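User: I'm new to reading protein models and keep tripping over the labels. Could you walk me through why each label is used?

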Amino acid sequence: MAGQRILVVDDDKEVVRLMRAYLERAGFVVSVAYEGETAVHTLRREKPDLLLLDLMLPGLDGLAITRLVRSDA
């Protein structure tokens, strides 16, 4: 489990801060994005093992990002 990468996507900075703290304490490598376009770029660049995604985001919403991920798979 140690070293696995997780991308946390949420526009609430406090939620992201808490999730990142807990996940890093558990040994995960955490990347973050606060809006849809950045999330897509980060997904394609870093190819994380897990995506934790808020549905209501500025720009591309979580459902649109999910569709893109599924079409890229």
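Analyst: Sure, let's start with Lys47. At 56% relative accessibility, Lys47 counts as exposed. Keep in mind that this is a predicted model.

User: Why does Lys47 count as exposed at 56% relative accessibility?

Analyst: Exposed means over 50% relative accessible area. Lys47 has 56%, so the label exposed fits. You'll find Lys47 in the loop between helix H2 (36-46) and strand S3 (50-53). Its phi is near 45 degrees, which is a positive value in a residue other than glycine.

User: What makes Leu60 partly exposed?

Analyst: Buried needs under 20% and exposed needs over 50%, with partly exposed in between. Leu60 has a relative accessible area of 23%, so Leu60 is partly exposed. Leu60 sits in the loop between S3 and H3. The C-alpha atoms of Leu60 and Arg25 are separated by 30 Å, and the two residues are 35 apart along the chain.

User: How do you know that Lys13 lies over the face of Tyr34?

Analyst: The charge has to be within 6 Å of the ring centre and within 35 degrees of the ring normal. Lys13 is at 4.0 Å from the ring centre of Tyr34, and it lies over the face.

User: And how many aromatic pairs are there?

Analyst: Zero aromatic pairs by the rule used here. To pair, ring centres must lie within 6.5 Å.

User: What makes up the largest nonpolar core?

Analyst: Eight residues: Leu7, Val9, Ala33, Ala39, Val40, Leu43, Leu57 and Ile65. Strand S1 (5-9) and H2 each supply at least two of them, and H2 gives the most, with three residues. To belong to a core, residues must be buried and joined through side-chain atoms within 4.5 Å.

User: Which residues line the largest pocket?

Analyst: The lining is Val40, Leu43, Arg44, Lys47, Pro48, Ile65, Leu68, Val69, Asp72 and Ala73. H2 and helix H3 (62-72) are the elements that give two or more residues to this lining. H3 gives the most, with four residues. The volume of the largest pocket is about 190 Å³.

User: How many residues of each class are in the lining of the largest pocket?

Analyst: Seven are nonpolar, none is polar and three are charged. Asp, Glu, Lys and Arg count as charged, and the lining includes Arg44, Lys47 and Asp72.

Note on methods. Residues numbered from 1 in each chain as written. Predicted model: local features only at pLDDT ≥ 70, side-chain atom pairs only at ≥ 80, totals over all residues. Heavy atoms only, no water. Phe/Tyr/Trp six-rings, centres within 6.5 Å; stacked < 30°, edge-to-face > 60°. Buried < 20%, exposed > 50% of the residue type's maximum accessible area, 1.4 Å probe, protein only. 1 Å grid on protein atoms, 1.4 Å probe; cavity = no way out; pocket = protein on both sides within 12 Å on 5 of 7 lines; lining within 4 Å. Points joined across faces, edges and corners; volume = space filled by probe spheres on them.
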